[in-house]
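I have a fresh notebook page and a structure to look through. Here is what I looked up, in the order I went.

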Amino acid sequence: MRKALAQARLAMRLGEVPIGCVIVRDGEIIGKGYNRRNTDRTSLAHAEMTAIRRANKSIGDWRLEDCTLYVTLEPCQMCAGAIIQARIPRVVIGADSDKAGCGGSIINILQNPEFMHQAQVVRGVMEEECSAMLKTFFRELRRRSREEKAGCAGAETSSDA
């Protein structure tokens, strides 16, 4: 999870929501990624999607059957679906996502018995660190937004004069 947090810090440096992911096979990282939706201007640039794509390329197969995926925030519906499609058998989650979590918080795509494949889910690994990074990011984002609004309001009143 420490390596996933390092990926999340890369996202934060870009001004992106700090979410990071690594995929491990036989003790080696074979795929890693971080959130780049705004940077790449695509809704597909989630940490998990990038890590899965890189892991596929690394081993030359779409199946990631002997792997563990570590992610700092519970996967959304798209990423949870991709994890199941990639046949990843184990998912380790840092922080839960009560807004978009599809590993059990809202729904549980990762362990839905209706699907042909399910993943073992381990929750709360380094939860405090993962959660703190996200809270710090959003607190700073709200602060900057307030400052920008206050700056715009001040500029409007001075130009009205």
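**Entry 1: the largest pocket.** I asked which element gives the largest share of the lining of the largest pocket. It is α5, with 4 residues. I keep in mind that this is a predicted model. Both α3 and α5 (127–160) supply at least two residues each to that lining. For the volume of the largest pocket I noted about 630 Å³. The lining counts 23 residues, and the closest to the pocket centre are L73, S97, K99, L134 and F138. Sorted by class, I get 11 nonpolar, 5 polar and 7 charged residues in the lining.

**Entry 2: helix α3.** Next I checked the length of α3, residues 47–59. Its 13 residues, at 1.5 Å a residue, should span 18 Å, and the end C-alpha atoms are 18 Å apart, so the two agree. Then I looked up which residues of α3 are buried. I found A47, E48, M49, T50, A51, I52, A55 and N56. I reminded myself that residues three or four places apart on an α-helix point the same way, because there are 3.6 residues a turn. Among what covers the buried residues of α3 are β1 (20–25), β2 (28–34), β3 (67–73) and α4 (77–85). Just past the helix, G60 has a positive phi of about 75°.

**Entry 3: helix α4.** I did the same for α4, where the buried residues are C79, A80, A82, I83 and I84. Their cover includes α3, β3 and β4. Here too I met a positive phi just after the helix: R87, at about 65°.

**Entry 4: the nonpolar core.** How many residues are in the largest nonpolar core? I read 44, and those with the most contacts inside it are I23, I52, L64, L69 and I88. At least two residues of this core come from each of α1, β1, α3, β3, α4, β4 (90–95) and α5. I followed L64 further: leaving out residues up to four places away in sequence, L64 touches I23, I30, I52, A55, N56, I59, A86, R87, I88 and P89. R87, the residue with positive phi just after α4, is thus one I met again on that list.

**Entry 5: Q7.** Last, I picked a glutamine in helix α1 (residues 2–13), namely Q7. Is Q7 buried or exposed? Its relative accessible area is 8%, so I wrote it down as buried, the limit being under 20%. Beyond its neighbours within four places in sequence, Q7 is in contact with G20, C21, V22, K32, G33 and Y34.

Note on methods:
Residues are numbered from 1 along each chain as its sequence is written. This is a predicted model: local features need pLDDT of at least 70, side-chain atom pairs count only at pLDDT 80 or more; totals for chains, interfaces and linings use all residues. Side-chain values use heavy atoms; hydrogens and water are left out. The expected span of a helix is 1.5 Å times one less than its number of residues. Buried means under 20% relative accessible area, exposed over 50%, partly exposed in between (1.4 Å probe, protein chains only). Contact means heavy atoms within 4.5 Å. On a 1 Å grid over the protein atoms alone, a cavity is a set of points where a 1.4 Å probe fits but cannot get out, and a pocket is an open set with protein on both sides within 12 Å along at least five of seven lines; lining residues have an atom within 4 Å of a point. Grid points are joined across faces, edges and corners, and a volume is the space filled by probe spheres set on the points. Ala, Val, Leu, Ile, Met, Phe, Trp, Tyr, Cys and Pro count as nonpolar, Asp, Glu, Lys and Arg as charged, and the others, Gly among them, as polar. A nonpolar core is a set of buried Ala, Val, Leu, Ile, Met, Phe, Trp, Tyr and Cys residues joined through side-chain atoms within 4.5 Å.
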